[in-house]
Structure formats: structure tokens, C-alpha cells
Amino acid sequence: MSGLPWFLRLEPVHRIPGRIRLRYACRPGTPDDAATLNRVVEAVAGVTSVRASRAARSLAVRYDPAVTDATALCLALAALPIPEPAPPAPAAEGGAGGAALVRSLATLAGGFLLPMPLRLPLSLAVAMPMLREGMAIYGREGVNSHVLEAAAVAISLARRDFTAANTTVFMLALGEYMEDSIARRSDALLKRLLRPSSDQVWLLRGGVEIQVPADTVLVGDSVVIGAGTVIPVDGTVLSGEATVNEAAMTGESAPVVKQRGSAVLSGTLMEEGRLVVYAEHVGSHTAAARIADYVEQSLTAKSEAQLDAARLADRLVPTVLKLAGGSFLMTGDWRSAASVLQADYSCALKLATPVAFKSAMYGAGQAGILIKGANALERLAQADTVIFDKTGTLTTGDLQVTDSIAFDPTFSPDDLICLAASVEEHYFHPLAMAVVNAAKETHNRHFDHQEVKFIVAHGVASVIDGKRIVVGSRHFIEDDEGIDTTAHREAIDALHRDGKTLLFIGFGGVLAGVLALKDSVRAASAATIARLRRAGVKRVLMLTGDHRDRAAELAAELHLDGFHADLLPTDKARIIEDLSREGARIAFVGDGINDAPALAGAHVGIAMQKGADIARLTADVALLEDRIERVADAKETANAAMALIARNYRLTVGLNSAILGAAALGLLSPVGTAVLHNGTTIGILLNALRRAPVAVPRA
């Protein structure tokens, strides 16, 4: 059916240049609401506006005569395939819940003024939606909390206790309204992390600035961004200078100066100046779009804590029902049974946990930590072992070339750096960027080469003057390329002993030389590890492909519990798997492409801000700032959220058990039970919105 045209009939009724009105008939069983008609027809090329009238089966279409004409437009519309229906419009603030609250309040306040014969029809009319819903749920799912509430109101009406019935209906309506408002607020908090993108974008093409729809921007376009504009793409500044507020993406409120060569992120706000940006990621591939996806997922994903709370609430429903029956048998009073039926655990148990998760994720997002769902937050709180990949996490990852040793006499040390930089310049790995930066400090000669191949976690390869050039690790050079390095072992070992990272350059099947690089330990690494221990982490380990001596030196400096050195990329995932099998709940912190398997295999993966795209996509937690402190912040946020959830859990069970007990013993009337139950539920939900501040001073 999907291959059939959407319209069965489409007849022009009236036309003038630039406008046409048509009578239409959609294929039976297909979407025919005005929202879908407007959305689909507006997407047709040349159409500028649409007004659909479902009652009159009329479409009034305005179009651009420079793009299309009436005949071509009719043919295009007649060929439209059957579309997906338009998503339902979001409920208005308050919505039906607000109307029900007003009706129930008016009935409660004015019902006693009516003559007695009219009170029953009025109370029954106001309670009828809830009674219908209760019966429908009972037929569909059996007894749950809504069925109990409907039974309580029905008992009060049967006893002609209209005050109790009306009060109960009002309190339930008030509770639902407040619960819905709080849940909506927690959703809105998360969505506020993102700024809306502009619909139109200015591009620089052929020296002329033109405005185009944002969704038509392509990778490689030169995007012109002025003051007050939200940056629509991820890219690099080609020209201009400006200050950009990156708080929406990094949490950093101080504006950042951007100039030629600076990286900019979509979703950030240009405050002053003007930039021309080379678009590297557009549309759904931008950082802002990916974050939007994560946020949408986080709003729907349920954690184990949420599921446990929901399961407990459902299990307690039969207990409440039995308690109501027992209370009636003991007291012989239906009022006691009605009181018990109004107090249950469901509302607070089912709502407080997701509200607390969303509030915590919002707070983390503001602090520069993107947590991809309640499950990730829960698993981070459970982590008892933190494993860091060394480079780019505990160290800055900003390597500098310290030594260039050429073994081929035809190359000088500067030539060797430029030779490596010529093939490394296409990549953004810290090693490659360090070599390219070092080349800029020399004569910066560029060696022409053929296409460069990137061998994951090994290095790069190309051809220069008919000779194969390879740049990468010792394992890559020796084992994969078969290049003998034994003649230079003494020099290589000396560099290793100095704790330096080596980059081997093979040219024409022989070792042309090595470059030695070194990075520095982050100033906050030791303090972060100490905070992690205070947050309940029992072991902090390090994985690295570096030489054992250098790894041991760093582990001692940071007081780590252990390390694994000289690792191949596959070793990291294997070590994570082995430790997990022993019962460790591992939070792995990494940043490189080769870290992706370990990030995916850990109990929870944390990607650094400068990490490779695949690492950031794979991780459960993505840092939006290049600050190691955010790892400890994330752990403390997760711990605080789970502690809050546990407190709310105990409050819910304790308070509602006390209310139930008092109601069963006849100490509370139905009205008193309704007031206490709904009041405590709202209090618990407001408590769930609280979150611990992330109070790390910014550098």
C-alpha cells in the first residue's frame, strides 16, 4: 500500500498566479488530518504555504512561480506517496488535568449548596471519568492503584457520602495535576540544555553571501556567522574573530575568543564579532544534534531503579486491597475500607525516581557532563573500579616532539619531522597533531605523496617517490611491516628509558628514524583520583600502550593501585572483560578510537571531551569540557542522585505505610486519607527535583 499515491482525487477549483485551491480526497485509511496535509504539501518544491480544511476537503496552496507552476504542482501533489501521520500535538500546559481540577474544586465548594436530590447526579458526573478509567483499567490490566482509587470513590457515592467522594476526586485531580507538572518540568529541564538552531544559514559562495535553509548546508561549505547567532555547524574558523559563549555545550559561561584555526561547535552562541567557518559536521552529525538524540533517549529509557520501583508498586496493590477488606471486616464500616483504598504507594514510587534521574542529568549537563540516560547514571553510581586510558585522560594528550633521530643519512632531523608530518597531517590524533606542529617550527617542507591509509591503532601508510612510507608504533613497523630495528636498539631503548613515546618512520622498507614525544600529567589528575576514592571507588588503574618504565613512573606519581603497560588495542578490552568477570564494576575513561571496545565493554564508559567521535558515541557519559575533574564530578553526581532516590524510596514506603495503618484502624476518614496521601506524594516529588550542585571551581 505504501507505493500507492496518497490522493484518490485532486481537482483544481480556483487558480491565480502563485496560488491554487484544490478539492481533494485521500485514500481511505491514510492520514487526512490538517497537520499532516500541511506538513507534507509544504515540503513539495516551490510551495510557500498551505492551508488545509479537512471539513471542506480543500487545499489552498501558495507557490513560487519562479520554481513551479499550477500544472507541475498538481502533478507533484498527485504523485505524493502515503505519508506517516503527523505526531500528536503536545498537550497544553495544564491541559485536561487543569480542567478536571477546576471541575472537581467547583463541585467540592458548591455541591453542598444544592438540594439533596441533585448532589448525587453532580458528584457522579464529576467522578465519572475516573470511574470509567478505573473500570477500563480493571478490564485490561486487573487491579492496580487507579482501580483502588475508583473503588474508594464508588464506595463513598454508594454511601451517599458526597463530601468524601468530592474531596477524594478533588485531591486525586490535584495530585495528578501536580505530578504531571513536576514530570513536565523535569523533562523541560533536560531539553533546556539545547538551544534551537536557526532555520536559515548564510553561506559564502563565489565571494557572495547567500542565505539558504539550514538543512541544505553541506560539509565543506563556508558558513558566515554574525553576532547573536547560534552556530549551526561543527567546524573550523577560516577567517574573522569573535567571542563565543559555549555554555550550552561545555557549561563554561565565560566567552571564548575564536579566530582562524579555532574549532567551533554547533549550538553555541556568537556574542560579538563575525566568523567564516568551514563546515565539518552538519545536520544530524553535529554535536548539538547528537546531544539532542541522547536527551530524547534519556527521557524514555528506564533504569533498573525505576523498574524496581514500578514492580514494587504493582506488587503492593493486592496488599492494599486485602487491607481494605480486612479493615471492613474488623470495623464493619465502609468508610475505613474507602480510606484504605485511597492510600497506595504507586504515585510516589513510580514518579519520584525518574524525576530525580532527570534532575540529576540536567545538573550534570549544566556542569559539562552529558549522561546518556538513567541507566548510565545508575551504573556510574555502582562503579567500584575506575580505569583510565593514560594519554588524553590522566595526561594532557598535548604531546610535543622532543627528539628527532634520523638513521637514514639522506634525511636531517628536520627532514624526518617533515616527512612524518606530510602523511600525518590528515589526522587529528594527538601524536599526529604534535608532529604537524613540530614541522611548522622547521623549514616545513612538504613531501608529495599518494593517498594516505589509516591503520586503526597502528599508524598511517602512503607512497612517496615510489617508496612505501609508514609512520606508527614499533609493533606496526616491526611485526606488520617487517622492518628491522635491531641496529638502532640502543638509541631506541635510551628514549624509552626517558619515558618518551616513540613514533617510528619506515621508508622504503628500512627504518628512516624515530621521533620521541612526551606529554605532561594534568595538574588535576591526582586530586581527581583522591576524590574518586572518597566517592567510594576501591581501585584506580591505568592502561597504556607506553613502555612499562614510563607507566610505572606515572602510576607511582599519581598513587594508582596498578597499571598495565605495553598494551595492544585489543588488550584493553580483554583486561576490562577479565576484571568484570572477577566481579569488578568498571568505569573506563578513554578518548581514542582504540578505546571504543573498552568503553563499550565496561560497566560504564566515560569519554573525554577531545575524544574521537566513535569513543564519544560509544561511551555512556561524554564530557563536554576537557577537564579530568569532570570524571569525579560525574561519579559524585551519580552517587548523590542514587542517595536521593533511596531517601525518597524510604520516605514513600514509611509515610504511606503509616497512612495505610491509620486508615485501616479507622483513625483517618476518607477525606483525611486523601489529603495526607496526595500531600506527601507531592512533597516527595518536589524533593526529587533537588540536586546536589557541582561545585568545582573553574580554572
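User: In this predicted model, what is the relative accessible area of E478, and which class of exposure does that value give?
Analyst: The model is a prediction, and E478 can be placed by its computed accessibility. Buried residues fall under 20% and exposed ones over 50%, so a value in between gives the middle class. For E478 the relative accessible area is 25%, which makes the residue partly exposed.

User: Which residue forms a salt bridge with E478?
Analyst: The partner is found in helix α16, which covers residues 474-480, and the two residues are 4 positions apart, about one helical turn. Their closest N and O atoms lie 3.2 Å apart, and because the cut-off for such a contact is 4 Å, the pair qualifies. The residue that meets E478 is R474.

User: How many residues apart in the chain are D626 and R522, which form a salt bridge?
Analyst: The closest N and O atoms of D626 and R522 are 2.9 Å apart. This contact links distant parts of the chain, since D626 sits in the loop between β24 (621-623) and α23 (629-664), whereas R522 belongs to the loop between β19 (510-518) and α18 (525-534). The separation between the two is 104 residues.

User: Which residue of the D626 and R522 pair is buried?
Analyst: D626 has a relative accessible area of 23% and is therefore partly exposed. The other partner has a relative accessible area of 10%, and the buried residue is R522.

User: Which residue meets the side chain of R533 in a salt bridge?
Analyst: The N to O distance in this contact is 2.8 Å. R533 lies in helix α18, and its partner lies in the loop between α19 (548-558) and β21 (562-564), so the bridge ties together parts that are 28 residues apart in sequence. R533 is partly exposed at 29% relative accessibility, and at 41% the partner also counts as partly exposed; that partner is D561.

User: Which residues are joined into one network by salt bridges that share partners?
Analyst: By the rule applied here, the count for the model comes to 18 salt bridges. Shared partners connect some residues into one network, whose members are D571, R574, E577, D578 and R581.

User: What is the relative accessibility of D465, a residue with a positive phi?
Analyst: Phi of D465 is near 50°, a positive value in a residue other than glycine, and D465 is found in the loop between β16 (459-464) and β17 (467-472). N444 also has a positive phi, near 55°, lies in the loop between α15 (430-440) and β15 (453-455), and counts as partly exposed at 43%. D465, by contrast, counts as exposed, because its relative accessibility is 72%.

User: What accessible area do Y138, V143 and L321 have together?
Analyst: These residues form a nonpolar patch on the surface. V143 is located in the loop between α4 (116-141) and α5 (145-158) and counts as partly exposed at 35% relative accessibility. Taken together, the accessible area of Y138, V143 and L321 is about 270 Å².

User: How many disulfides does a search of the whole structure find?
Analyst: A disulfide requires two cysteine sulfur atoms within 2.5 Å. Cysteines in the model include C26, which is buried at 12% relative accessibility, and C74, which is buried at 16%. The number of disulfides found in the whole structure is 0.

Conventions
Residues are numbered from 1 along each chain as its sequence is written. This is a predicted model: local features need pLDDT of at least 70, side-chain atom pairs count only at pLDDT 80 or more; totals for chains, interfaces and linings use all residues. Side-chain values use heavy atoms; hydrogens and water are left out. Buried means under 20% relative accessible area, exposed over 50%, partly exposed in between (1.4 Å probe, protein chains only). Patches are made of residues with over 30% relative accessible area and no salt bridge: like charges are joined within 9 Å, nonpolar side chains (Val, Leu, Ile, Met, Phe, Trp, Tyr) within 5 Å. Accessible areas come from the Shrake-Rupley method with a 1.4 Å probe; for residues, only the protein chains shown count as cover.
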